[in-house]
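Look over the sequence and the structure shown here. Then follow the text from the ligand site to a single strand pair.

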Amino acid sequence: MRYDDNSLDYQKNQTHLQKKVYPAGLEATFSLEYKHRLMFTRNVFDPDNSLLLDLLEPTRDNKAKVAVFIDSGVVNTNSMLIDQINAFMQGHASQIELASDVQVVPGSEEIKNVHRNVELILKDVSQFGLCRKSYVIVIGGGAVLDAVGFAVSMAHRGIRLIRVATTTMSQSDSAMGVKNSINAFEKKNFLGFFTVPWAVINDESLLKSLSDRDWVQGFSEVVKVALLKDKDLFGRIEEHTAHIRDRNVPAAVSLIRESAKYHFEHITLNGDPFELQDARPLDFGHWSAHKLEQMTHFELGHGEAVAIGLAIDTTYANLMGWLSDSEHHRIITTLQQLGFKLFHPVMEHTSYLLKGLDEFREHLGGKLTIPMLRGIGEPFDVHEIDTEQMRNAITYLADLS
Ligand SMILES: NC(=O)c1ccc[n+]([C@@H]2O[C@H](COP(=O)([O-])OP(=O)(O)OC[C@H]3O[C@@H](n4cnc5c(N)ncnc54)[C@H](O)[C@@H]3O)[C@@H](O)[C@H]2O)c1
Ligand SMILES: [Zn+2]
């Protein structure tokens, strides 16, 4: 069939497509169905826990071929974990073919900043003989999930990726997303792919070994999603700030789960998982957060930068007369009670920080669209920023510190 064929037969066969015929070419719209899976568990590598096994579809010799990459920070604080993983794989050797030893990769933002790490992961994937139906299980914080996901999206144009999230940040937000990115040219997440993982596993038992600092980081994203979507959830965070700081696992995990579900639903129900439209409804506070991470050379973690970003944008919303004084006060107090500092000395370079707006605009594709609040749980988009008021918002936080 010729590509410029406009015959009735051709049209009949293509009725499910919307098509338009150009003098020399065709245009068609098509859609694909994706499956997204988010699983909650404890002790995922316990020999009696079948969750992981149930996710693996056998491909060759009735086995699933699997390679495992793990965050060095997780290994350093869980001395038995690699042995447990090996024991799990050996215990299920009739169903799993382990492609190699468990590979330890550098944790934290370093893995996204140093591109050699991605090359090494790709080299492993090649040497292990993984195919498109093999599985890469990546265990780690948001940075490791991003970088391994980035490599795995490239190899064979995509290998099945199972993310085992080990931080409050990845369990509440990043692991449910479909983005896999690394940093380049001093820009956060400049290189990346949209890829839907095979599955995401939130294992709450892995959170125990987090440092206090990393434990609290993910809660800025929980606050963010509550501010955007759920006033009651915000109220529960307010009630539990002390429990969160005291590392009360049941209280914390229940809030993380709610956040995870909102992020999961955003991908599966919102209609724009690959961010083709201008708006980034869940990127509240992120234009400055990404810039602050870069300005501090990643001394600020993503969660800490998001807390400041939320404080900047809620203060701006208050100065613009959209958000009431009392709600502004509740938000700032909650972030502080969670333990976040809402000012960093680099914020004195206000003009440089405001460049984050241009970079956000560029990243969106030209038109600035920033989520703002007119109340807790009542977001709306703005397309212009009053830079004088934004400077005032930043100064307000400096005075607060
Ligand atoms: N893809 C997305 O949609 C998306 C969304 C939000 C954030 N992110 C990215 O996630 C990253 C931040 O993730 P993060 O906050 O998880 O930080 P992180 O991945 O940098 O991890 C923080 C530290 O904790 C260590 N660690 C991880 N799990 C541990 C555990 N269970 N016990 C002990 N130590 C552990 C790591 O080695 C690291 O040193 C940023 O790069 C951010 O851009 C991506
Ligand atoms: Zn974020």
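What follows covers the ligand shell, then a hairpin, then one residue in that hairpin.

The model is predicted. Start at ligand 1. Its shell holds 31 residues. Closest to the ligand are Gly73, Gly107, Gly141, Gly142 and Met169. Several helices supply two or more residues each: α3 (72–77), α7 (142–154), α8 (168–172), α9 (212–217) and α14 (302–319).

What classes of residue make up the shell around ligand 1? There are 18 polar residues, 7 charged and 6 nonpolar. Two domains take part. Domain 2 (38–210) gives at least three residues to the shell, and domain 3 (216–223 + 277–400) also gives at least three.

Now turn to the hairpin. Strand β9 (residues 179–184) runs antiparallel to β10, and 5 bridges join the two. One bridge partner pair is Ser181 with Gly192, the latter in β10. Between the strands of this hairpin lie 2 residues. Phe185 takes a positive phi there, near 50°.

Strand β10 spans residues 187–194 and includes Phe194. Is Phe194 buried or exposed? It falls in between: Phe194 is partly exposed, because 15 other C-beta atoms lie within 10 Å, whereas a buried residue needs 20 or more and an exposed one has 12 or fewer.

Which residues does Phe194 touch, leaving aside those up to four places away in sequence? They are Val178, Lys179 and Phe274. Lastly, compare Phe194 with Ser31. These residues are 163 residues apart along the chain, and their C-alpha atoms are separated by 16 Å.

Technical notes: Residues are numbered from 1 along each chain as its sequence is written. Chains are lettered from A and ligands numbered from 1 in the order in which they are written. This is a predicted model: local features need pLDDT of at least 70, side-chain atom pairs count only at pLDDT 80 or more; totals for chains, interfaces and linings use all residues. A residue is near a molecule or strand if its C-beta atom, placed from the backbone, lies within 6 Å of it. Helices (H or I, at least four residues) and strands (E, at least two) are DSSP runs, numbered from the N terminus. Ala, Val, Leu, Ile, Met, Phe, Trp, Tyr, Cys and Pro count as nonpolar, Asp, Glu, Lys and Arg as charged, and the others, Gly among them, as polar. Domain bounds come from an automatic or database domain assignment. Two residues are in contact if their C-beta atoms, placed from the backbone, lie within 7 Å. Two strands pair if DSSP finds at least two bridges between them.
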